[in-house]
Amino acid sequence: MNTTYTKTAKSLHWLMAALIVGLLALGMIMTELPLSPEKLTLYSWHKWAGVTVFILVWFRLAWRITHRPPPLPDTLSPRMQLVAHAGHAALYLLMIIIPITGWLMSSAKGFQTVWFGILPIPDLVSRDRDLGELLQQSHKLLNFGLILLLAGHIAAALWHHFVLRDDTLRRIR
Ligand code: HEM
């Protein structure tokens, strides 16, 4: 039985964690700025990093399906194991849905995403002001949910490390 994650799983975990925390901060900062060339540059960076997360999450899911992760500690009750699995599933879901809402929002608002200024991402919806507003609100709300989930995820990791003193955090390092 595996007792730790593979190097690939660890790398993807921390790379995506850094990208997502950066995206959350950048998203909240850029939307508050007055219109300027700098604001537009930050929007582009945000969109490029967001599309990168969207690409990486499929690699991560493929790796997860083909490489069984170590089991949760058996000190966790079946109910807590269920909560942990549901939390992880919700994180995967948000790592897919949030970039999609961002991508579609940009299209609906009439700003096509061009990944790193090189690769145009197709506009799956045409320009539509109301749809753009709806997707913007959805993007914001889903991000709020992501922040709550991440807070729970980090609190659980720290609880395992410092209170239960098991190897849950060490094995993903
Ligand atoms: C996991 C990936 C992503 C995260 C965590 C994320 C996070 C955020 C956050 C926190 C905001 C600020 C919301 C607000 O307070 O109004 C935001 C705004 C925005 N995001 Fe994302 N985002 C992601 C992916 C994307 C992608 C892939 C795109 C487009 C291709 C995108 C486009 C935008 C745009 C255009 C805004 C500004 C909306 C406005 O003007 O109010 N995002 N994002």
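**Exercise 1. The iron site**

Task: Determine which residues coordinate the iron atom of the ligand, and which geometry the site has.

Solution. In this predicted model, the iron atom of the ligand is coordinated by the NE2 atoms of His46 and His139, at 2.0 to 2.1 Å. The next step is to examine the angles: the six donor atoms make angles of 86 to 179° with one another, and the site is octahedral. Turning to the position of the two residues in the fold, histidine 46 belongs to helix H2 (residues 37-66) and histidine 139 to helix H4 (residues 129-164), so the pair ties together parts that lie 93 residues apart in sequence. As a last step one checks accessibility, and both histidine 46 and histidine 139 turn out to be buried.

**Exercise 2. The overall architecture**

Task: Describe the order of the secondary-structure elements from the N terminus on, and state what share of the residues in the protein is buried.

Solution. Begin with the inventory, which consists of four helices and two strands. Read from the N terminus on, these elements follow the order α-α-α-β-β-α. For the dimensions, the C-alpha atoms are enclosed by a box of roughly 50 × 30 × 25 Å along the principal axes. Of the 173 residues in the protein, 35% are buried, while the accessible surface amounts to about 11400 Å², with 70% of that surface belonging to carbon and sulfur atoms. To complete the description, consider the contacts with a separation of 6 or more, of which 69% are between residues 24 or more positions apart.

**Exercise 3. The salt bridge**

Task: Establish how many salt bridges a search of the whole structure finds, and where in the chain the partners lie.

Solution. The search of the whole structure yields one salt bridge. Its partners are lysine 109 and glutamate 133, whose closest N and O atoms are 3.7 Å apart. The pair links distant parts of the chain, since lysine 109 sits in the loop between helix H3 (78-108) and E1 and glutamate 133 sits in helix H4, 24 residues apart. For the accessibility of each partner, the value for lysine 109 is 27%, so this residue counts as partly exposed; the value for glutamate 133 is 38%, and this residue is therefore partly exposed.

**Exercise 4. Helix H4 and its surface**

Task: Identify the residues that make the nonpolar surface patch of about 610 Å², and decide whether histidine 161 is buried or exposed.

Solution. The patch is made by Ile154, Leu158, Trp159, Phe162, Val163 and Leu164. One of these residues, isoleucine 154, is placed in helix H4, and its relative accessible area of 47% makes it partly exposed. Histidine 161 also lies in helix H4, but with a relative accessible area of 17% it falls under the 20% limit and is therefore buried. Leaving aside residues up to four places away in sequence, the contacts of histidine 161 are with Asp166, Leu169, Arg170 and Arg173. Another residue of helix H4 is leucine 134, which is exposed because its relative accessible area is 55%, the limit being over 50%. The C-alpha atoms of leucine 134 and alanine 89 are 25 Å apart in space, and the two residues are 45 residues apart in sequence.

**Exercise 5. Positive phi angles outside glycine**

Task: Locate phenylalanine 116 and arginine 165 in the fold, and determine how accessible phenylalanine 116 and arginine 165 are.

Solution. Phenylalanine 116 is a residue other than glycine with a positive phi, near 50°. Its place is the loop between strand E1 (114-115) and strand E2 (119-120), and its relative accessibility of 46% classes it as partly exposed. Arginine 165, likewise not a glycine, has a positive phi of about 55°. This arginine 165 is found in the segment after H4, where its relative accessible area of 66% makes it exposed.

**Exercise 6. The start of helix H1**

Task: Place lysine 7 in the secondary structure, and state what separates its C-alpha atom from that of isoleucine 55.

Solution. Lysine 7 is in helix H1, which covers residues 7-32. With a relative accessible area of 74%, lysine 7 is exposed. Lysine 7 and isoleucine 55 are 48 residues apart along the chain, and 19 Å separate their C-alpha atoms.

Notes:
Residues are numbered from 1 along each chain as its sequence is written. This is a predicted model: local features need pLDDT of at least 70, side-chain atom pairs count only at pLDDT 80 or more; totals for chains, interfaces and linings use all residues. Side-chain values use heavy atoms; hydrogens and water are left out. Donors are N, O and S atoms within 2.8 Å of the metal (3.2 Å for Na, K and Ca); water is not among the atoms, so sites may look incomplete. Four donors count as tetrahedral if all angles lie between 85 and 135 degrees; four count as square planar and six as octahedral if opposite donors are over 155 degrees apart and all others between 65 and 115; anything else is irregular. Buried means under 20% relative accessible area, exposed over 50%, partly exposed in between (1.4 Å probe, protein chains only). Patches are made of residues with over 30% relative accessible area and no salt bridge: like charges are joined within 9 Å, nonpolar side chains (Val, Leu, Ile, Met, Phe, Trp, Tyr) within 5 Å. Accessible areas come from the Shrake-Rupley method with a 1.4 Å probe; for residues, only the protein chains shown count as cover. A salt bridge is a side-chain nitrogen of Lys or Arg within 4 Å of a carboxyl oxygen of Asp or Glu. Contact means heavy atoms within 4.5 Å.
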